[in-house]
Each structure stands twice: as structure tokens, then as C-alpha cells.
Amino acid sequence: MKILVISRHFPPLQSARALQIGKVIAALEQAGCNVRVVAGVPTSLAGKVSDNGSSAKYVVDYVPFGDVKPVRNLAAKVVQRLRDDFTSVNLNSRWVCQTSQKALDVLREDPPDVLMTVFTPIESHMVGLALCAQLSIPWVASFSDPWPPFLRPAPYAPRRLPVIPLLQRHLLRRILRQCHAIHVPTVYAAPVLQRGSDSDLTGRVWAIPHVGPDVWPHVSALVEGPQYIAHIGHLTHHRVCPELLEAIRIAVHTMPDRVAGLLCVGDVCREFKDL
């Protein structure tokens, strides 16, 4: 089976989604699929990456999307938030248009059996919308998290301009109604997407967990006793979720033979330090 994957985040980026989709594609290759990727890359890295990506087994066509600059003050954060809001509903952004054209070129050159678009971010699914009217093959839309952001529980549902959630909901509805199948990493995500889009997703949602290293089952089998829930990276105050902290406390007290606690690697705020 030939699969064309559209993913704005992809190695050599080191974001969580880029690493996840790299593992997913490796697993698809291992299962015997023939995968080709059209991916985003920061402009500063565009001349440094090979069209063979991180593996010589599949071809990656990179489309630059501009560099993400660090935000250091409140005014810059506000501007960045506004830019992100409008980008999330702009079907005619430069990256979406250029990636759609690149994908069409690939479709004509080596027609795949399946198109798979990968969120995050939502621009990958925008490419799917642009292509679906010209395709006669199934389109699979993969969601790593519920979207739009207002569907997520606090504190992961940031405030937006009033009109943005309405536009995002409309875009989500279009994506879910036009794609042929939806992939989510957990069964809990399916009803969230259905509620947020007011769409009937019966029979079209598949919950498949994130792909992890092949060695993990062998490593975990060597570890005896309770294990830690681990988080790698920074945890700031605005990401504190009281329900999560309480769930960890309950797990430690009710399953001491299985859960040792929370292990954080990186800077964390006081709420996590006091846990």
C-alpha cells in the first residue's frame, strides 16, 4: 500500500509531534507500506535537510514554513497569539498553498492509495481539504489532541478572540465531514471531536495509541516494583491542572505497588514541586 503523508511537523524538528510521526512512519514502513512524505521545515533548516529525511527507505519533500522566533515580552506574546489565531483558520496561507501544490505534483508522479494528514498543527488538514475535491482515494485525518483548543479542559483551553472559536469549529466540521477516516490516540478523544463538530463520526474513528520504541516492552520487563509517571520538559503555572495532581496522589495511595509518583525532568512550578 502506498501512503502519502502530509505533516507540517517532521524530523529534523524535535517537537513531540515531529518525533511521534517519525515513529509512525517507521512503523508503517515496517508493516510493508510504501510511504512518501510532504513535510514542513523551518526556513533556516531548508537548505540543510535531505529529501530522504531521517530514513533512506522513504522520500520526504520539504516545504519551508518560516522560523519561529522566541517571544520575550508581553506585547510580542499578544502579537504571536493573534497571528496563531488567524493562521489556524487561514486556508490560503503560504505553507498550505505551497504544500497543496507539492502534494498534487507527487500525486501525479506516483499516485498513492491513501492520503494521511497529521495534526498538529491544523494546517496539515487544510491541505487535505484542498486536495480532497481532486482525489479519488481515501483521506485519513490524524489528530494527536482534541482541536479546537476550546474543547480541551482547563488549563489547556486558552482564551481566544470571540470569532476565532466559531471559525475553528466550522473548519473542524468541514474536515471531519469530508475525510474518510479519523485517527485519534485514545478513545477519549473521539467523543470530544464529535461534540465539538456536531458531526456523526460513527464507524469512522480509530483509536490507536502513539507508537513508542520497540525496546520499551523489554526495558519495562526488567524494571521491578512501582514506576514513575514521567514528564520531560518545562511545566509552568498556566499548565497546572488540579485534577491531574489529585489523580496522581490517588494513584500513589491506591496503587503503591504500581505507581511511585511523578518524575519531572526540567523546570517545574511550585504546584508540581509540592506534589
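Good morning. Let me begin with Y58, which counts as buried at 4% relative accessibility. Please bear in mind throughout that this is a predicted model.

Y58 belongs to an aromatic pair with F10, and the two ring centres are 6.4 Å apart. Their planes meet at 75°, so the arrangement is edge-to-face. The pair joins distant parts of the chain, as 48 residues separate the two partners. F10 sits in the loop between β1 (2-7) and α1, whereas Y58 sits in the loop between β2 (34-41) and β3 (59-64). F10 is buried as well, with a relative accessible area of 0%.

In total, three aromatic pairs are counted. Elsewhere in the chain, F119, F143 and W147 are linked by ring pairs into a cluster.

Aromatic rings also meet a charged side chain here. R8 lies over the face of F65, 4.0 Å from the ring centre. The charged end of R8 also sits over the ring of W95, at 5.9 Å from its centre.

I turn now to helix α4, residues 123-132. How many of its 10 residues are buried? Nine are, so the helix is largely enclosed by the rest of the structure. The buried set comprises E123, S124, H125, M126, V127, G128, L129, L131 and C132. The cover over these residues includes three helices and three strands by name: α2 (74-87), α3 (94-109) and α5 (163-178), together with β1, β4 and β5.

One residue that shows this packing in detail is T117, in strand β4. T117 is buried, with a relative accessible area of 0%. Leaving aside residues up to four places away in sequence, T117 touches S124, H125 and G128, which are among the buried residues of α4. Its other contacts are I6, W139, V140, A141 and S142.

Between β4 and α4 the backbone deserves attention. F119 and T120 are joined by a cis peptide bond, with omega about 20°. The peptide bond from T120 to P121 is cis too, with omega near -10°. T120 lies in the loop between β4 and α4, and P121 is found in that loop also. F119, at the start of this stretch, is a member of the aromatic cluster I mentioned earlier.

Next, the second largest pocket, which has a volume of about 380 Å³. Of the 20 residues that line this pocket, V24, L28, M116, H183 and I208 are the closest to its centre. Which element gives the most to the lining? Helix α1 does, with six residues. At least two lining residues come from each of α1 (16-30), β4 (114-119), β5 (139-143) and β6 (181-184). By class, the lining has 15 nonpolar residues, four polar and one charged. Strand β4 thus appears twice in this account: it supplies lining to the pocket, and it is included in the cover over the buried residues of α4.

I close with a residue in another setting, D198. Where does it lie? D198 is in the loop between α6 (189-197) and β7 (205-207). Although D198 is not a glycine, its phi is positive, at about 55°. Is D198 buried or exposed? With a relative accessible area of 58%, it is exposed; the cut-off for that class is over 50%.

Thank you for your attention.

Conventions. Residues numbered from 1 in each chain as written. Predicted model: local features only at pLDDT ≥ 70, side-chain atom pairs only at ≥ 80, totals over all residues. Heavy atoms only, no water. 1 Å grid on protein atoms, 1.4 Å probe; cavity = no way out; pocket = protein on both sides within 12 Å on 5 of 7 lines; lining within 4 Å. Points joined across faces, edges and corners; volume = space filled by probe spheres on them. Nonpolar A, V, L, I, M, F, W, Y, C, P; charged D, E, K, R; others polar. Phe/Tyr/Trp six-rings, centres within 6.5 Å; stacked < 30°, edge-to-face > 60°. Buried < 20%, exposed > 50% of the residue type's maximum accessible area, 1.4 Å probe, protein only. Lys NZ or Arg CZ within 6 Å of the ring centre and 35° of its normal. Contact = heavy atoms within 4.5 Å.
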